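Welcome! Please bring up the sequence and the structure, and let us walk through them together.

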Amino acid sequence: MQQKIVLIGGPGTGKTTIINELIKRGFYCMPEVSRKVILKAKKEGVEQLFLTEPLLFSKMLLEGREEQYNNAQNLKEEIVFFDRGIPDVHAYMNYFNTIYPDYFIKKSNTYKYTKIFHFSPWKEIHVTDNERYESFEESVKIDTFLIKAYSELEYELINVPFGSVEERANFIINSLSCE
């Protein structure tokens, strides 16, 4: 049975850095979908799609994450890591107070993950860039919506302690009991 492992947390908490470290160590990882969606929108002349059309942006994220989940099913890998999961989509819409159809929650209930690793906001490593423009304070607020969304779906969150990239990756791997 394949383990589907999700890394969650507000923007700038170190998830992608750890995903890159896990890739270096030979693990199969699904990248964050939103960067791809944001870059595609920018190419089409839309500077901030999630601000101008939040529901369209969220639908595109949901489709991308659903596709990743289904692609993972077809892999022979025993463990697949995801940089964010399907429930992140409705967590963000709740954060932005966006009204959305109930199929967003249904998808979160349909596509289940094995374990959820939570990255708490960490001021020392938080940076913004062209695709991530949330402040540290916004990251903290978003984090509460992520915790709520996953908890409501009855996931047990495993908190990843602060530390070096190697220490954080080791913590995750050791928590899965894999070598």
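How many bridges join S4 to strand S5, and in which sense do the two run? The count is 4 bridges, and S4 and S5 run parallel. Please keep in mind that you are looking at a predicted model.

## The chain overall

Here is the general layout. The protein chain has 179 residues, and 48% of them are buried. Its secondary structure amounts to 8 helices and 5 strands. Read from the N terminus, the elements come in the order β-α-β-α-α-α-β-α-α-β-α-β-α.

The contacts tell you how the sequence is brought together in space. Taking contacts between residues at least 6 apart in sequence, 78% join residues at least 24 apart.

## Strand S4 and its partners

Now back to strand S4, which covers residues 115–119. Of its 5 residues, 4 are buried, so the strand is largely enclosed by the rest of the structure.

S4 pairs with strand S1 (residues 3–8) in the parallel sense, over 4 bridges. If you want a pair to find on screen, start with Ile 5, whose bridge partner in S4 is Lys 115. Strand S5, at residues 157–160, is also joined to S4 by 4 bridges and runs parallel to it. Here you can look for Ile 116, which stands opposite Leu 157 in S5.

## The second largest pocket

Next, a look at open space. The second largest pocket has a volume of about 260 Å³. Two elements give two or more residues each to its lining: helix H2 (33–43) and helix H4 (54–73). Which of the elements gives the most to this lining? That is H4, with 6 residues.

The residues to select are Pro 31, Glu 32, Val 33, Lys 36, Val 37, Lys 40, Met 60, Glu 63, Gly 64, Glu 67, Gln 68 and Asn 71. By chemical class, the lining of the second largest pocket splits into 5 charged, 4 nonpolar and 3 polar residues.

## Glu 66, a buried residue of H4

Helix H4 is also home to Glu 66. Is Glu 66 buried or exposed? With a relative accessible area of 15%, Glu 66 is below the 20% cut-off and therefore counts as buried.

What does the side chain of Glu 66 make a polar contact with? The partner is the side chain of Lys 107, at 2.9 Å. Leaving aside residues up to four places away in sequence, Glu 66 touches Ile 86, Lys 107 and Tyr 111.

## Thr 98 and Phe 136

Two further residues are worth a visit. Thr 98 sits in the loop between helix H5 (87–95) and helix H6 (103–110). Although its place is in a loop, Thr 98 is buried, because its relative accessible area is 15%, and buried means under 20%. Thr 98 touches Pro 54 and Met 93, again not counting residues up to four places away in sequence.

Phe 136 belongs to helix H7, which spans residues 136–152. Its relative accessibility is 19%, so Phe 136 counts as buried. How far apart in space are Phe 136 and Ile 125, C-alpha to C-alpha? The distance is 9.7 Å, while in sequence Phe 136 and Ile 125 are 11 residues apart.

Notes. Residues numbered from 1 in each chain as written. Predicted model: local features only at pLDDT ≥ 70, side-chain atom pairs only at ≥ 80, totals over all residues. Heavy atoms only, no water. 1 Å grid on protein atoms, 1.4 Å probe; cavity = no way out; pocket = protein on both sides within 12 Å on 5 of 7 lines; lining within 4 Å. Points joined across faces, edges and corners; volume = space filled by probe spheres on them. Nonpolar A, V, L, I, M, F, W, Y, C, P; charged D, E, K, R; others polar. Buried < 20%, exposed > 50% of the residue type's maximum accessible area, 1.4 Å probe, protein only. Polar contact = N/O pair within 3.5 Å; in protein donor to acceptor, adjacent residues only side chain to side chain. Contact = heavy atoms within 4.5 Å. Pairing = 2+ DSSP bridges.
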